[in-house]
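Thank you all for coming; I would like to walk you through one structure this morning, beginning with a single detail of its sheet and ending at its ligand. Please have the display in view before I go on.

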Amino acid sequence: MKIAIINGPNLNLLGKREPGIYGSTSFEEFLAALKKKYATIDITYFQSNVEGELVNELQRVGFDYDGIVLNAGAYTHTSIAIGDAVAAIKTPVIEVHISNVHAREDFRKFSYLSAKVVGSIVGLGLKGYELAIDWLASR
Ligand code: DQA
């Protein structure tokens with residue numbers, strides 16, 4: 001089973017970035033533990049701060065992977081192109097947000113992705129990625 005985790009802008013700074021909101025664990029640390037826990041799943045990781053690169057990666061993995069866990073960061077709230085890419089591909093996508101976007105600024109309440117994904121997990125910290133993988137693995 002192949003699952004892709006795709007992170008958008010500024011998520012490369014996890015651990016350093018606003019730790020009160022996003023926690024103090026780097027994604028690399030978290031990913032190492034995740035790969036250990038799900039040793040039988042082939043988990044790939046891609047992060048970019050560039051919108052088009054996220055679209056390219058969704059297209060690359062979106063026809064033969066078994067699942068995608070996508071945190072598009074701020075592009076969630078602005079990117080029609082990423083929403084279109086999610087709609088265009090065959091692989092089921094789960095949208096994850098570390099913080100509870102509904103409890104923050106109004107501009108974070110809208111997502112161009114939510115209507116196109118299988119489901120969304122928000123506000124549960126890094127655990128959200130793990131829950132998404134659990135769900136995809138149990139399909
Ligand atoms: C985020 C929430 C977004 O609003 C924000 O722009 C991010 C991170 C989250 O994981 O909580 O970069 O996607």
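Let me begin with one pair of residues in what is, I should say at once, a predicted model: Ile 94 has Gly 119, in β5, as its bridge partner. That pair belongs to the pairing of β4, which covers residues 93-97, with β5, a parallel arrangement that extends over 4 bridges.

If we now step back to the whole sheet, we find 5 strands in an open, parallel arrangement, and their order reads β2-β1-β3-β4-β5. At the edges sit β2, residues 42-47, and β5, residues 119-122, each of which pairs on one side only. From one strand to the next, the twist averages 20°. Across β1, β2, β3, β4 and β5 lies helix α5, made up of residues 127-137, and this helix runs at about 160° to β3.

Let me turn to the ligand. Which residues surround the ligand? They are Arg 17, Tyr 22, Asn 71, Gly 73, Ala 74, His 77, His 97, Ile 98, Ser 99, Val 101 and Arg 108, a shell that divides into 4 nonpolar, 5 polar and 2 charged residues.

As for individual contacts, the side chain of Arg 17 places an N or O atom 3.0 Å from an oxygen atom of the ligand. The backbone contributes as well: an N or O atom of Ala 74 lies 3.2 Å from a ligand oxygen, and for Ile 98 the corresponding backbone distance to a ligand oxygen is 2.8 Å. Taken alone, the ligand would expose 320 Å², of which the protein buries 98%.

Terms used: Residues numbered from 1 in each chain as written. Predicted model: local features only at pLDDT ≥ 70, side-chain atom pairs only at ≥ 80, totals over all residues. Heavy atoms only, no water. Pairing = 2+ DSSP bridges. Helix = DSSP H or I, 4+ residues; strand = E, 2+ residues; numbered from the N terminus. Axes fitted to C-alpha atoms, helices over the stretch in contact; angles between N-to-C directions. Contact = heavy atoms within 4.5 Å. Near = heavy atom within 4 Å. Polar contact = N/O pair within 3.5 Å; in protein donor to acceptor, adjacent residues only side chain to side chain. Areas by Shrake-Rupley, 256 points an atom, 1.4 Å probe, with all protein chains shown as cover. Nonpolar A, V, L, I, M, F, W, Y, C, P; charged D, E, K, R; others polar.
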